[in-house]
Amino acid sequence: MAIRTDIIRVYKDVHGWVGICSGIALFIAFYAGALTMFEDVIQRWASPPPALAAAPSLERSPELIAKVLEAHPEAARSFDVHVALGPEQPARLSWTVGDAEHGPASTFYASLDTDGALQVAEQGPSGVAQWIDVLHQQVGLPFPHEIAMPIMGVVALLYAMALVSGVIILLPSLIKDLFAVRIGRNVKRMWLDIHNVLGLFSLPFHIVMALSAIVFAFHDQFYMAQGAVAPPPAREARAGGSPAPEARAALSPAEIVARLQRQAPGFEPLTLGFQKGPRGESVRVTGRDTRYPMRGATFGVAVVDPYSGAIKSSDYMPGLQSAGFAVLSSFFALHFGNFGGPLVQWSYFLLGLGGAFLFYTGNLLWIESRRRRERKAGPVAQSRSTRVLAGLTVCSSLGCVAGISVTLAAAKILPLFGAATTGWHQILYYAPFLAMTAWAVHRGAARSSAPLMRAAALACLAVPAASALALIGIGWNHGGATWWIDITAVAGAVLLFYLAPRAAQRAAAAPKDSVWSAEASAQAA
Amino acid sequence: MTASPSQLTSRPWLGKVSAALVLGFTASVALTGLYSLLSGVKDPFFDARGQIAMWMMAPLWSGFLSFCFFFRTGLRAWARLFAVNLILWSAFVALRFIQG
């Protein structure tokens with residue numbers, strides 16, 4: 001396809017600049033996002049065996065509810081009864097005090113001991129899986145949610161621009177370059193080929209991610225702008241709570257689950273959220289139906305009448321939605337990859353890692369072409385900014401890999417010190433991340449990439465090592481799917497150990513004016 | 001390397017991008033507003049079409065940002081997008097008026 005060369009030139013500039021401005025943030029978002037495909041398995045892997053007595057059966061939950069509400073009346077506003085239990089969700093009943101999104105919130109977990117007496121604990125499942133998810137949502141930024149999200153939105157807009165510009169500059173040579181990965185002496189050509197093939201074949205995935213990320217960042221602003229000009233809504237009474245609660249007896253959780261299953265046979269309820277608001281009472285049932293795209297990351301939602309068990313709102317319920325809401329759910333589901341079970345989960349995991357690699361190669365290419373331009377302009381020594389950027393690219397990526405591994409492995413060790421808090425998990429992510437990045441910027445990409453690859457590989461090995469501590473009686477292993485966490489970490493370590501000597505080779509062989517030359521870095525430092 | 005005046009260059013990027021950022025956003029709001037009026041959205045939050053209108057902001061706005069580099073200068077980008085806004089918002093106001 002023929003496109004005017006000046007257009008290609010402009011879009012090459014655009015692609016390079018939006019790419020370099022968003023590449024590192026996108027790497028972190030994609031690496032952490034790939035891991036969140038298995039957020040529930042990670043949470044099980046990381047969560048200690050429950051400290052509470054074994055949970056009472058769902059049939060006995062009315063007794064538990066009554067005892068909790070008697071001892072903790074503040075729970076009446078909103079509490080959750082969990083249908084599906086495991087190490088990642090150990091208690092039959094939990095409630096949260098404070099607003100989870102905008103401030104310190106604490107969640108309490110309740111059970112009944114063998115005598116039927118109430119037990120309440122604040123120590124719940126590990127928060128590390130949720131923290132990796134936050135890292136993904138905030139593209140690795142250590143800021144409060146309100147500040148991080150608009151920055152993420154800007155990154156997502158740059159990402160969308162990078163996709164459009166990337167396609168425009170690839171179009172003229174599309175047929176020629178499509179299946180060509182020229183591995184050989186010209187290293188830059190090889191990286192470019194890999195970047196193109198990877199980008200083109202995962203383009204639909206990236207379009208989905210860019211557009212949904214823009215919405216996740218800016219939905220409030222979009223609604224506000226649209227609401228400012230829209231005609232005032234002709235509000236009908238929303239499906240609210242049931243009036244006159246004292247007139248009828250509320251159903252037990254087991255009965256609600258039974259009646260829900262009669263109405264929606266494929267829907268597997270996970271949690272019943274009992275809520276008492278100004279409009280009355282309702283039960284918000286989160287559950288799974290992997291046959292359909294789901295609105296939440298791993299669940300859909302049914303709003304149920306607590307007195308009749310009838311579904312009041314199926315807007316967010318997989319399989320029972322209207323066409324419009326089904327379309328919307330598919331937007332969310334395409335981001336979360338929550339349809340189709342393990343095959344789709346693993347595909348998304350690989351696409352996510354592939355995306356991270358795409359941004360990594362993109363940054364490498366930018367640095368290489370900048371070197372060529374600088375050489376043309378005269379000075380052969382690398383400019384400070386290019387050197388710093390090369391260090392940042394290589395090592396913030398490796399720092400992110402290492403930081404996530406360290407903070408994950410720590411989940412099995414922190415409880416020993418009574419420090420299994422999100423705060424500690426944040427520190428244990430940012431400490432290796434910042435240390436490795438600072439060291440890399442100081443030493444230069446060439447001299448630091450091989451040692452840092454080995455460091456990241458060791459960090460990956462810390463994950464199975466933490467599991468192995470169970471052999472000497474420290475920590476735990478829940479078996480089953482959680483072994484995949486350890487297996488994947490070992491595979492990552494093997495890959496990094498395999499690549500490290502190659503990076504060292506490149507540093508030794510690279511032209512002296514390259515940021516990848518160890519000799520040049522040594523002179524500059 | 002000097003480009004002939006009819007050729008695009010990436011030098012005046014700030015004018016183009018700022019035009020797409022501001023006027024591209026308002027044009028997107030107008031387009032989704034037209035969609036909402038035509039499809040009879042009653043409530044932007046709870047109505048499925050209201051939420052779809054919100055989602056449409058993402059491809060529209062990022063589309064303006066991606067294709068604004070086809071404008072020859074920043075000034076032209078502002079002028080053209082201003083005209084686009086004028087047309088879209090006139091249509092929106094007229095349609096709201098007709099629908100009462």
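**Exercise 1. Arg189(A) and its salt-bridge partner**

Task: In this predicted model, determine whether Arg189(A) is buried, partly exposed or exposed, and identify the residue with which its side chain meets in a salt bridge.

Solution:
1. The relative accessibility of Arg189(A) is 27%. Buried residues lie under 20% and exposed ones over 50%, so Arg189(A) is classed as partly exposed.
2. The side chain of Arg189(A) meets that of Asp193(A) in a salt bridge, at 3.0 Å from N to O.
3. Both residues belong to helix α7 (residues 187-201) of chain A; because they are four residues apart, about one helical turn separates them.
4. Asp193(A), at 1% relative accessibility, counts as buried.

**Exercise 2. A salt bridge between a loop and a helix**

Task: Establish which parts of chain A are tied together by the pair Glu88(A) and Arg44(A).

Solution:
1. The two side chains form a salt bridge with an N to O distance of 3.1 Å.
2. Glu88(A) is located in the loop between β1 (78-82) and β2 (93-97), whereas Arg44(A) is in helix α2 (residues 39-46), so the pair ties together parts of chain A that are 44 residues apart in sequence.
3. Glu88(A) is buried at 18% relative accessible area, while Arg44(A) is partly exposed at 24%.
4. Over all chains, the structure holds nine salt bridges.

**Exercise 3. Relative orientation of two helices**

Task: Classify the arrangement of α1(A) and α12(A), and state the handedness of their crossing.

Solution:
1. The axes of α1 (residues 5-36) and α12 (residues 384-410) of chain A come within 10 Å and cross at roughly 15°.
2. Angles under 35 degrees count as roughly parallel; α1(A) and α12(A) are therefore roughly parallel to each other.
3. The crossing of α1(A) past α12(A) is right-handed.

**Exercise 4. A nonpolar surface patch**

Task: Find which element contributes the largest share of the nonpolar patch.

Solution:
1. The patch on the surface consists of Leu458(A), Leu461(A), Val490(A), Val494(A) and Phe497(A), which together have about 410 Å² of accessible area.
2. Two or more of these residues come from each of α14 (445-468) and α15 (483-509) of chain A.
3. With three residues, α15(A) provides the largest share.
4. Leu461(A) lies in α14 of chain A and is partly exposed, at 32% relative accessibility.

**Exercise 5. Backbone geometry at Val139(A)**

Task: Describe the phi angle of Val139(A) and the setting of this residue.

Solution:
1. Val139(A) is not a glycine, yet its phi is positive, at about 40°.
2. Val139(A) is in the loop between α4 (128-137) and α5 (145-170) of chain A.
3. A relative accessibility of 6% places Val139(A) among buried residues.

Definitions and conventions. Residues are numbered from 1 along each chain as its sequence is written. Chains are lettered from A and ligands numbered from 1 in the order in which they are written. This is a predicted model: local features need pLDDT of at least 70, side-chain atom pairs count only at pLDDT 80 or more; totals for chains, interfaces and linings use all residues. Side-chain values use heavy atoms; hydrogens and water are left out. Patches are made of residues with over 30% relative accessible area and no salt bridge: like charges are joined within 9 Å, nonpolar side chains (Val, Leu, Ile, Met, Phe, Trp, Tyr) within 5 Å. Accessible areas come from the Shrake-Rupley method with a 1.4 Å probe; for residues, only the protein chains shown count as cover. A salt bridge is a side-chain nitrogen of Lys or Arg within 4 Å of a carboxyl oxygen of Asp or Glu. Buried means under 20% relative accessible area, exposed over 50%, partly exposed in between (1.4 Å probe, protein chains only). Axes are lines fitted to C-alpha atoms, for helices over the stretch in contact, and angles run from 0 to 180 degrees between N-to-C directions. Angles under 35 degrees count as roughly parallel, over 145 as roughly antiparallel, 65 to 115 as roughly perpendicular and the rest as oblique. A crossing is left-handed if the near helix is turned anticlockwise from the far one by less than a right angle, and right-handed if clockwise.
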